[in-house]
Structure formats: structure tokens, C-alpha cells
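Colleague: I should like to request a close look at the salt bridges of this model, followed by a connected account of what surrounds them. Please explain each point in terms that a first-year student can follow.

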Amino acid sequence: MIEIKFIPIDYDYFDFEGRNYARIIGRDDKGKRICIIDSVQPFLYAILKPGVNEKKIKELQEKIGKLSIKLPSRTTKVEKTLLEDKNFLGKQVKAIKIFITNYKDAHPIADLLDYEEIEARREYDLSFITKYIIERKLIPLSWYKISGELLTQELGIQNLDVDLAIKVEKIEKIPDLPFKPKILAFDIEADEFEIGKGEILMISLCSDNFKKVLTWKHCTKQDFVECFKNEEEMLEKFLDYVKKISPDILVGYFSDGFDLPYLRARAEKLGIKLALGLDNSQPTFARGRIPSGKIFGIIHIDLFRFIETVYSQYLQSETLGLNEVALELLGESKKEFDHKHSSKMEKEEWKEYFEYNLQDSLLTWKLAEKFLPDMLEFPQIIQEPLFDITRDSMSQLVESYIIHHLQEYNEVAEKRPLHDEIGERMGREKYTGAFVFQPQAALYENLAIFDFTSMYSSVIVTYNLSKTTFLEKKEPGSLEVDLEGEKVYFSKKPGFFPLLLKGIIELRKKYKQELKENPNPITKARSNAFKLIANAAYGYQGFFGARYYCVEAAASTAALARKSILDIIEKIKKQGYNVIYSDTDSIAFLLGNKTKTQTLDFLKKLNSQLPGIMELELEDFFKRGLWVTKRTGEFGAKKKYALITEQGKVKIRGFETVRRDWCQLARDLQNQVLQKILGEGNEKQALLILKKTIKDLKDRTINKEDILIRTQLKKLLSEYKAITPHVIAAQKMKELGMPIDIGMLVSFFIAEVRSEKEKKLVREKVKLPEEKGEYNIDYYLNHQILPAVENIFEVFNVNIKELISGIKQKKLDGF
DNA sequence: GACTTGGAGGTACC
DNA sequence: ACTGGTACCTCCAAGTC
């Protein structure tokens, strides 16, 4: 028997004599690499119909106990059954817990449970690792004292590159110890984008005090460059370095979709085994929307995927490419490098190429270090391994959090929806969502904005809305929600979903406070993780793929949120304020003759009247706020406004300034105009800026980057019904042999053409950035610049178009 | 051929 | 297919006169 302190990092399992064993790689407190082998007995539940008598249950247990499945490789039997009292979707039920030999046969065993007394079969669709973590409470990246038997060359650990292997007997939670995983970043360069088509020219590696570029193409005298005879030798050395550095995390950027599959494809072609795993196995690629490259014992992370789901909504970056993200988060860019085919590269260019390649790894490594607190925190909160956490969608994260907390409510897990069920759910009609107030276009002064904290989550908790509390029909004391005529009912008895969410909101509050008092990366990561889960819980209930899907709950959440905000709007009006705007959970109103103190007191009063955990807070006071009309019609536009605080902080929403599908010229101009108007309270200075921009445009002094329009390609070229300018741009790229991918941003500009009469459509004037041609002055004036500022000036009764043509007639300079 | 209108398409807000 | 609905705006496609 030996005893160690252990932190689990990577999980997988294997079969031995027909049974499943968890195999977990981690470290001990001395930094040694440890493998532990453990087992739990797989099981599923048969939930019984109400009122089945004891005798019947006994008989049923006996029948179930005899079930088995014979496969060529193994036989799975029901090994034991237990009768348990459980909760399931708001009901107390009797359930038979059915232990089986091999978890992989849980589904076929469930299919055999075709007995009249059984109402439902559940928990046959949870992964072995998930079940293992729940059963043994061995939470990823958390510390434990493990005792067990030392293993040498036995089951599941043959040729495993670890310092110690233990067959677990006892697991005990201990307080957290310091832990810093070793991170190795990598990046490859190739001439061809298509996976495996070209040669890998170079591979860069970056870790603590370690920077290398491996290449076989060209030998330079840069100290970080290591040269090899051929691609094979370079790949071998890459494997060597990974072994030697022995990282816990191997991180890349887009590496699930590019670097790792490319490495594997090239290795295969060259007859090399890409033995990255601790057991010398090659990476495997799990099927999915995007394949996930898994390396045994080392966590491969594609940082892009984690950032995309968890952080993109908080980033300013318009693309999530390494360059923009690194610039925003690290203040560093990629190296500038003019890509061309390697065969046409000069000596000096190779040097730059190597630096470029190294910089990519360096940025990836720095980003990974930056996100390390989050990467350590999320797996502990969600209770799934880091590998999965960094690839899960938002709904999966929410669902995993739920699944791992069901025990606290003695709840049996609901099943994943089946194919037909998903189809049905997707086909449903949309329900009514949020309320958006019809604003009046104007420049307002002295505003306050109130908003509900985590509004939808608060509504779910306050009114107990969920699949588990949804009632088929009205019951005494139940809550009735009117969904525009159709009535639905919810139990008042707290269900586990709202209770769980209540816990999340409380923790979110606690960690937000903790962050305020003690701001550091850990408290920030924790606070952010809970915020994300809380925010996604509402969408989860309306999501077709959710185990706890419930449109009635989702629609009721939106309906009650609407009711709440309309109620508050009325109260604010009644108090004598002028409400000017509201969207979903926020309300903007004019202070008028009231003071800030009065307004804050009023906020307190409003809060005291709110039900449950609903809470209204002050977002801020604002000096000025601008709302404009829609392009068509005289009404004020919703979801478009600009605000300035007394400290001069500007908040712009919805305007072209913040839209990436407008050219920089129009966006910059609009931004400056908004800033000036908000700062000064009138349009005079702003007009001068407009004048200058028009002059520059007509003088053709505008830079090309500023007139590029960037639009995302959302589907295959052939699937487009309407051939829009960006589709033409993509077609041109394709003809030039450039790679076309779904999701890519297509850049183009609108050029002058010989005959405007023959080429009337915008798409006929599209040119790629590298194509020769002058920008189309008329287009940029009338389709970019003017539309961007027209209705802003209209607020001041200044008609730009008249002004321009009027001035023209008077032959004044500038316009 | 000029003009209108609906909808496809993309992106933002919360 | 991988959280929800609401809203704006451009440009194409197809219809009307």
C-alpha cells in the first residue's frame, strides 16, 4: 500500500476482461507524473410506474437480474439490482438500479427492459468518465490523497511513460495545493492549406525558457532554429522534444482543425508513428462538428475553441484569429510576413518566416498562460475533464454542471433527446421573447439606466420555471402563466433546476464580491464561469438538444420577464420620470428635475417591491444619450444608441461603428461624429469632420484598408440563392486558388467601373483587396459615408444630402 | 426599363 | 446542430407598370 497526493488531469478508460477501468493521468505534489487505475461499477435505472406492489417489484428484479448480452468479445450481465427511492422530474419514484458488467452495453441492456411495470429507463447514455467522476467524486484539477497498490507492468499501464502507477483503493479530498501545469505551445507552417497535401516546412515550439523552430527547408544562423535533413527527421525531433519537455498541456491555435491533423497526415505519409501519447499512441480524432484531437495523457487544447465559446462575447475583436485576440489580450501582434510559396522564398525571407512561426507559438503560449486560471477553474466547477471543457458548447457546459449536481437532489438524470424528438423540437414555432421599447430619435441629457441583474435566471428561480416543475394541467396553488392566450402551469414546490440555478446565482454573487475585494485571475475566472452558466441557463431550456428542454418554461421566462420590465417602466413613469428606452432587462429614463439621490432612493423602493430574487440595479448615470431614426420610416431605431457618462466614457450600441460589415472609413467617421456630438451637445464640430472625410474621399487619399468591406461566408458558395457582393468576392478568391472555408471573412472593395450604366449592381463592381482598381467614390459616399451619419445629423434637423448639393450649387469648397 | 417590394443574408443587442 | 428571441440594414430577385 502506498499513499500519495494527487491531482487528476487527463481521464480515459480501458476494458480488461470485459470490465471498464478508469485510467487517470495526473501529478503528485512533487510534480511527478502519476497514473491511477480505478474502477466503478456501471449502472442504469429502471424507473417504475407508480403503485407497483412489492411482490411485483421483486419478480421484476429477478427477471432483470437474469438479463445478459453476448458479444464476440465480451458478455455483459446484470450483476446486481437495488431498489431505490429517487426523484425524477418533480416526482418521487421507485427505481431499480441495475448494475452491469460493461458500460458500453448499457444501451442494449436498456433496450431489453421492456416490461409493463417500467415507466422509463435512464442514465444509460452518460459517458463512463462522467459516471466515474460522479461516483468517485474525483473532480478534475482538484487535490486528493490516494492510497492503493503500486502497479508495475499490469493492466492498462504497459509501456506507459509515467513515474508511478497505482491501483486505487481509497480517495480522500484534501485542501488544494499549488499546481502549475507545464504548457507547451506549438504551431506549424505548410505551403498547402489542405490537410496533409503539402509538406510541413517548420514546426515551432514554445514553453518556459524554451523556444525552437524545427525546419528542414532552409538553414539559417538564428539561434532558435534547428535544421534537419528532411521532413521525417524534423517530425522525429518534434516527438522527441514533446517527450523531453513532458508537458501536461499541448496547446495550439486552430490546432484541432489544422496543426494536429496536418502532423498526423504527414507522419502517416512518411511512415512515422506520431507517438505523442504517454503510451506512445498516436492522436485520435473524435468525430464531431469539428474533430477533436486527443493525445493520451497530455491534454491537447485548441485555444481558439475555448475562447470562441467562453470569451468571444466579452472580446472586442471582430475575428477570433490569433492576431486580433493576442493584440487585444496581450497587446502583441503576430509578426508581419508576406506569405508566398516556399519555393520562391529568398534567404532573408526564410529568416522572417522562422520568426513569424516562432511568434505564433509564443503568442499561443502566452494566451494559454493568461487563460490558465480559467482552464484550472472550469473543470472544477463543471466537473468534467479539461479536454472536454475546452471544446464543449455553452449548452454542454450547462448540462454537465447540472448532471454533476443531480446527486444533491437525489435526482435521476433525464435522457438525451432522440433524433425524432430533436426534429420535433426544431420544428416548433418561435415563442415571444423580450420587450423592446420604441424610442424617439433625439439627443437627450441627464439619463439614468436601471437594469435587472441576471434577469432571466432570476425569473426562472423566482417563479420556479423548469421541466421538472412544469405541470400538464392546473393544480391547486400552481402558478399560471399566460402565453398570449395559451395558459401553462408550474408547481410552486421548488424544483431542482431552479434550486440549482439559485445556487449558481448566489455563488456568482459571492465570487463577484470576492473579485471586488481581491481582484486576481483566479477570482475573476471563478466569477466569470458562474456568470456564463447563469446567463446560459435560460437559453438551455429552450435549446432543442437539451436533456432538460422545456419550451413552456423558456416561453414563460420570457413572458414573466416582459411583465416585470413593463411593470417597472410603469412605476418609473408614475414617479414622474420620462422613460425613453428599454431592451429586455434595462430601462433608460431622464432624470428631469430629480436628483441622483432621489433616483437611488427610488431604486431601493422598487427593489423592496420586487418578488423573489429579482433585483434591479443602477447601471450608471449618463450626461447625454443619442437615439436616431430608422433608415426607413420616422420612428426611432431600436438597439441603436450612444451614451456618454459624466466622466466622458462613451458607450455605443448597434451603430455601424460597431458593425464589422461596414468599411472602416464609415465606421471611423461615424464614431468621431458620435463622440463629438455626445461630448459637445451639438453637431457643429461633427459637420466639419464629415466635410473633411468627404474631401479626402474625393481626393482619393483614403487608404485601401479603410474602404475594405468584410463579410463572413456562412455557407458553401453553391448554396447561396442570392448572389451578393461577398459571394462574388469569394468566387474570385476561389478562381485564384485561395482557400475558401465556411466561416471565413471575405474582404473586398467596390471599384470604379467603365460604365455605370452597364454595371449597375454592386456585385459587378466588387474587387479583391489585391486587385488593381480605384475605389468607387460614388458608392462610398452614398452607400457607406452618408448612410452612416445621415440620421445622426437628422436629429439636429440637418439634412446632409441637401447640404451637400446645396453647397455644391453655391460652389463652396469642400463638399 | 424604372420602380417597388419581399426576402435572403449578415450582424448586432440583450 | 451544438443556448434563446428581437431588430436593423443592404442588396438581390422578382414582380408591377
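Which residue forms a salt bridge with Glu192, and how far apart are the closest N and O atoms?

Modeller: The model is predicted. In it, Glu192 forms a salt bridge with Lys197, and the closest N and O atoms of the two are 3.9 Å apart. This pair counts as a salt bridge because the cut-off is 4 Å between a side-chain nitrogen of Lys or Arg and a carboxyl oxygen of Asp or Glu. Glu192 is partly exposed, as its relative accessible area is 30%.

A second salt bridge is the one between Asp256 and Arg391, with a distance of 2.9 Å from N to O. This pair links distant parts of the chain, its residues being 135 apart. Asp256 lies in the loop between β15 (249–252) and α5 (259–270), while Arg391 lies in the loop between α9 (386–389) and α10 (394–403). Asp256 is buried, with a relative accessibility of 1%, and Arg391 is buried as well, at 11%. Both receive this label because buried means under 20% relative accessible area.

A third salt bridge joins Arg136 to Asp38, where the closest N and O atoms are 2.8 Å apart. Here, too, distant parts of the chain are linked: Arg136 belongs to helix α3 (residues 128–136) and Asp38 to strand β3 (residues 33–38), 98 residues away. The two partners differ in their surroundings, for Arg136 is partly exposed, with a relative accessible area of 25%, whereas Asp38 is buried, at 1%.

Salt bridges may also be connected to one another: Asp15, Arg74, Lys104 and Asp105 form a network of them. Across the whole structure, the search finds 57 salt bridges.

Charged residues also appear beside the DNA. The surface near DNA strand C comprises 13 nonpolar, 8 polar and 11 charged residues. Of the 32 residues around this strand, those that come nearest are Ser395, Gly433, Arg631, Arg763 and Tyr779. Among the atoms of DNA strand C that come within 4 Å of the protein, 89% belong to sugar and phosphate.

Individual contacts with the phosphates can be named. An N or O atom in the side chain of Ser395 is 2.8 Å from a phosphate oxygen of DNA strand C. For Ser393, a polar side-chain atom lies 3.1 Å from a phosphate oxygen of the strand, and for Arg428 the corresponding distance is 3.3 Å. The elements that contribute two or more residues to the surface near DNA strand C are β26 (636–644) and α20 (777–794).

Conventions:
Residues are numbered from 1 along each chain as its sequence is written. Chains are lettered from A and ligands numbered from 1 in the order in which they are written. This is a predicted model: local features need pLDDT of at least 70, side-chain atom pairs count only at pLDDT 80 or more; totals for chains, interfaces and linings use all residues. Side-chain values use heavy atoms; hydrogens and water are left out. Helices (H or I, at least four residues) and strands (E, at least two) are DSSP runs, numbered from the N terminus. Buried means under 20% relative accessible area, exposed over 50%, partly exposed in between (1.4 Å probe, protein chains only). A residue is near a molecule or strand if one of its heavy atoms lies within 4 Å of it. A polar contact is a pair of N or O atoms within 3.5 Å; within protein, one must be able to donate a hydrogen and the other to accept it, and residues adjacent in sequence count only if both atoms are side-chain atoms. Ala, Val, Leu, Ile, Met, Phe, Trp, Tyr, Cys and Pro count as nonpolar, Asp, Glu, Lys and Arg as charged, and the others, Gly among them, as polar.
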